[in-house]
Amino acid sequence: MSSIESNLQHVRAGIDGAIAGLPPDARQPVTLVAVSKTQPAEAVREAFAAGQRAFGENYAQEGAAKAAALADLKPRGIEWHFIGPLQSNKAGLVARHFDWVHSVERAKIAEALSRLRERDPINVCVQVNVSGEASKSGVGVDEAPAFAAACARLPGLRLRGLMAIVEKTPDEATLRRQFRIMRELFVALRASGLSVDTLSMGMSQDYRAAIEEGATLVRVGSAIFGART
Ligand SMILES: *Cc1c(COP(=O)(O)O)cnc(C)c1O
């Protein structure tokens, strides 16, 4: 077995274990997005052969090139998730090659994506800067509900939910608090009538904790592909 294949098995077992640890009424399916940024197309092909279907990329050009190189996997079900900061001048590239954008945080980008995908709406999440760090992208927690509602009204977007990158901290309590704020925001969106189904949070270091706090989608890179160089 290749290391990618065995790493994938390990991560899937970690996800299943975290779900199994939840109270029965809180258990829900969790989607694994394998973050393949900086990895060669061949590594993606290997993960695909091991049954992985959803892949995440941070850089528009790199992701578009990989999606093009692996176009033969498209009819076989590969799915591309854009998870990095998105500039307006890259919206066309992303709209052409990706199935999802997790990092929608500005009206201008949301409107551009919507125009580009008017006939085939693209799945989006609103990125929330839950830690409030200046270095992080995302709308503020307080602005998230109105911005999400505005995205839901755009014809070329299919609003799926929320995404966050929590603070990189060894402090478990801080981490959990940020995951919980996201969960509350997600529950509030649903209560407001938006039919969202995705709470995208958790990476290699913290995906189990994220699932315990309500993540429905985790984005895992190095635990699958190894350390990035
Ligand atoms: C790189 C990245 C990940 C994956 O990080 P790992 O620590 O390698 O699992 C997840 N989400 C985003 C937005 C990323 O940029």
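Let me begin with the lining of the largest pocket, which by class is made up of 10 nonpolar, 6 polar and 10 charged residues, and let me say straight away that what we are looking at is a predicted model. The volume of this largest pocket comes to about 600 Å³, and of the 26 residues that line the pocket, those closest to its centre are K168, M203, S204, Q205 and D206. In terms of secondary structure, the elements that contribute two or more residues to this lining are α7 (172-191), α8 (207-212) and β8 (217-220), and among the contributors it is α8 that gives the most, with 3 residues.

Now to the ligand, whose space is this largest pocket. Around the ligand we find V35, K37, N58, I83, I165, M203, S204, R219, V220, G221, S222 and R228, and, sorted by class, this shell holds 5 nonpolar, 4 polar and 3 charged residues.

Which residues place N or O atoms by the oxygen atoms of the ligand? Starting with S204, a polar side-chain atom of this residue is 2.5 Å from a ligand oxygen atom. For R228, an N or O atom of the side chain is 2.7 Å from an oxygen atom of the ligand, whereas S222 uses its backbone, with an N or O atom there lying 2.8 Å from a ligand oxygen atom. As for how much of the ligand is covered, taken alone it exposes 390 Å², and the protein buries 91% of that.

To close, I would return to S204, since this residue appears in both lists: it is among those closest to the centre of the largest pocket, and it is also one of the residues that surround the ligand.

Definitions and conventions
Residues numbered from 1 in each chain as written. Predicted model: local features only at pLDDT ≥ 70, side-chain atom pairs only at ≥ 80, totals over all residues. Heavy atoms only, no water. Near = heavy atom within 4 Å. Polar contact = N/O pair within 3.5 Å; in protein donor to acceptor, adjacent residues only side chain to side chain. Areas by Shrake-Rupley, 256 points an atom, 1.4 Å probe, with all protein chains shown as cover. 1 Å grid on protein atoms, 1.4 Å probe; cavity = no way out; pocket = protein on both sides within 12 Å on 5 of 7 lines; lining within 4 Å. Sits in = over half its atoms within 2 Å of the grid points. Nonpolar A, V, L, I, M, F, W, Y, C, P; charged D, E, K, R; others polar. Points joined across faces, edges and corners; volume = space filled by probe spheres on them. Helix = DSSP H or I, 4+ residues; strand = E, 2+ residues; numbered from the N terminus.
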